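User: I'm new to reading protein models. Could you walk me through this one?
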Number of protein chains: 2
Amino acid sequence: MTTERWLLLSGGVGGAKLALGLDRVLPPGALTVIANTGDDFRHLGLHVSPDLDTLVYTLGGLVNPETGWGRDGETWQFMNAVAELGGPDWFRLGDLDLAVHVERTRRLAAGETLTAVTAALGERHGLRTRILPMSDAPAPTRVRTANALLDFQDYFVRQRAEPVVTGFDYGGGAATPAVLAACAAPGLAGILIAPSNPWLSIAPVLAVPGLAAALRTSAAPIVAVSPIIAGAALKGPTAKIMRELGVEVSATGIAHYYRGVADGLVLDSADAAEATPVEAAGLRARTAPTVMRTLEDRCALARATLDFARSLRP
Amino acid sequence: MTTERWLLLSGGVGGAKLALGLDRVLPPGALTVIANTGDDFRHLGLHVSPDLDTLVYTLGGLVNPETGWGRDGETWQFMNAVAELGGPDWFRLGDLDLAVHVERTRRLAAGETLTAVTAALGERHGLRTRILPMSDAPAPTRVRTANALLDFQDYFVRQRAEPVVTGFDYGGGAATPAVLAACAAPGLAGILIAPSNPWLSIAPVLAVPGLAAALRTSAAPIVAVSPIIAGAALKGPTAKIMRELGVEVSATGIAHYYRGVADGLVLDSADAAEATPVEAAGLRARTAPTVMRTLEDRCALARATLDFARSLRP
């Protein structure tokens with residue numbers, strides 16, 4: 001008998017919340033997360049992977065519960081000393097967080113893949129869930145504005161996502177053997193897309209050459225969870241970006257975006273009236289409470305999403 | 001009128017104490033320190049320069065007064081997190097200290113020289129004294145033992161200088177334009193050799209191709225301060241190494257080592273009886289209290305050494 005296996009495509013904070021719910025309600029080892037590395041960048045000479053770390057910290061119980069990213073009990077001695085030296089301090093690295101970046105950079109320089117380094121980090125923190133970078137090769141997301149093509153962290157952190165977006169360039173990269181094997185794994189019951197920002201967190205994953213095709217060759221249903229609730233995003237610039245791109249800021253807008261990618265969309269109970277337009281867009285619709293404040297919220301949304309995906313099996 | 005200029009060849013802790021005394025008793029800008037970088041190494045992907053940092057921290061008033069190296073008020077969050085990840089923790093980098101290594105590594109990777117990075121660091125901390133790395137290119141010291149050729153920090157920190165030494169290999173490197181200019185500066189009144197470990201801290205400086213020759217072309221007298229007092233070293237493995245190499249553990253042993261290099265040797269008042277054998281070895285001798293516990297001790301030794309050097313002028 002093959003264990004049911006699940007894939008989750010995820011970005012950072014919002015995705016990590018659903019990942020935690022799935023991690024808790026599924027049997028150990030059943031979940032594999034394919035994580036966006038389009039936000040990865042070199043900073044102070046270090047390889048920083050924000051979404052991978054948010055996932056590890058969240059699943060490992062290390063995350064700062066106030067922010068949803070970074071580490072609980074973090075201190076900032078290093079960063080303050082960098083600022084004192086006149087070094088760049090717009091992207092703040094905590095003392096604990098820094099250990100991960102330094103260790104990752106050291107191992108990558110020694111020839112290990114990002115996949116191997118991430119696996120070792122997960123193992124060290126006793127994770128039940130595997131976290132796979134979407135690509136071992138750099139695949140940086142860049143943000144198009146009227147006047148410039150911005151590096152992702154320049155746009156997102158330094159400029160606080162304030163510039164008006166006209167589009168995105170997704171980097172190259174390549175689907176890794178581990179991701180291809182996960183897509184072809186026997187017993188793959190479903191592929192879930194976290195309520196992460198579709199343009200900043202999910203599109204980079206789907207843009208990795210070979211990755212979307214590998215997902216499509218699986219017979220497993222693909223179900224997305226809408227990051228838009230009642231016409232707004234809970235956090236981050238998703239709604240702002242949708243407006244700037246001329247996309248309707250609604251679950252239906254998300255459904256249109258995921259048309260041809262996902263088979264179904266979980267939309268918030270507040271948006272029940274949109275089930276019909278979502279289905280008209282070609283996706284099956286399921287409503288559920290999608291706001292994840294507590295661990296119980298996360299587990300409940302995980303269960304609802306899994307049930308929905310199971311119902312879509314061919 | 002040209003200002004009197006002085007050079008000091010120095011390693012870490014002991015050398016930095018004399019450097020501080022000289023820095024305080026000489027006019028601002030009169031002192032240039034040529035520092036050993038034979039201990040430099042890459043650790044956790046970072047370029048660590050222990051002696052340069054000890055000099056900057058000491059002259060900048062940032063040093064931990066208990067150890068003579070590292071920073072006052074240091075914290076260890078990063079290092080503990082590295083250990084938690086299973087990363088190498090035998091060479092401990094504090095959170096504050098780390099900022100220097102990361103900033104240095106970043107600037108070197110961006111194409112700056114170690115000389116330029118060190119100058120910027122000194123400027124940032126308001127130093128009156130210039131600190132010049134002996135070489136911009138790597139010039140790593142290696143330690144010969146009966147069975148192995150050890151990297152310096154492996155010998156010194158990981159193995160606590162316990163292996164029995166049979167000799168040393170000094171790395172390549174090259175005298176930098178800044179060092180050559182300092183050796184040729186008008187008004188060079190003297191070249192001092194700090195009471196650092198001759199084999200571990202001074203010999204690597206003198207072994208840099210072109211550097212000893214540049215010192216010799218100057219007419220300035222060269223005066224060393226003995227690191228051996230009453231047959232022992234105040235700290236570190238100097239006496240142990242001398243025994244292992246079959247060198248007499250005395251100021252006279254130091255005089256023999258510096259024969260042909262230095263014109264004079266400052267020996268401790270406790271070793272006044274050695275003035276004659278030191279002079280028999282071909283160096284002029286001067287006794288002075290050389291134990292530097294307080295800032296006043298450091299200034300007094302600085303004054304005595306400067307006076308002695310001035311007396312040796314041709």
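User: Let's begin with the contact: how many residues does it take from chain B and from chain A?

Analyst: Keep in mind that this is a predicted model. The contact takes 21 residues from chain B and 21 residues from chain A.

User: Which elements give two or more residues to the side of chain B that touches chain A?

Analyst: Those are helix 3 (77-84) and helix 4 (95-109) of chain B. Helix 4 of chain B provides the largest share, with 10 residues. Sorted by class, that side of chain B has 11 nonpolar, six polar and four charged residues.

User: How are the two copies related?

Analyst: Here's the general idea: two copies of a chain are related by a rotation about an axis and a shift along it. In this case, a turn of 180° and a shift of 0.0 Å along the axis lay chain B on chain A, with an RMSD of 0.0 Å. The two copies are therefore related as by a two-fold rotation axis. To find the axis from chain B, look for Asp95(B): its C-alpha is the nearest one in that chain, 3.2 Å from the axis. The same surface serves both copies, as 100% of the contact residues of chain B recur in chain A.

User: And which residues touch the most other members of the largest nonpolar core?

Analyst: In soluble globular proteins, nonpolar side chains tend to be buried together. Here the largest nonpolar core has 189 residues, and Leu8(A), Leu265(A), Leu8(B) and Leu265(B) touch the most other members. Take Leu8(A): leaving aside neighbours within four places in sequence, its contacts include Leu18(A), Leu31(A), Val33(A) and Leu192(A).

Methods
Residues numbered from 1 in each chain as written. Chains lettered and ligands numbered in written order. Predicted model: local features only at pLDDT ≥ 70, side-chain atom pairs only at ≥ 80, totals over all residues. Contact = placed C-beta atoms within 7 Å. Helix = DSSP H or I, 4+ residues; strand = E, 2+ residues; numbered from the N terminus. Nonpolar A, V, L, I, M, F, W, Y, C, P; charged D, E, K, R; others polar. Core = buried A, V, L, I, M, F, W, Y, C linked by C-beta atoms within 7 Å. Buried ≥ 20, exposed ≤ 12 C-beta atoms within 10 Å, placed from the backbone. Least-squares fit on C-alpha atoms with pLDDT ≥ 70 in both.
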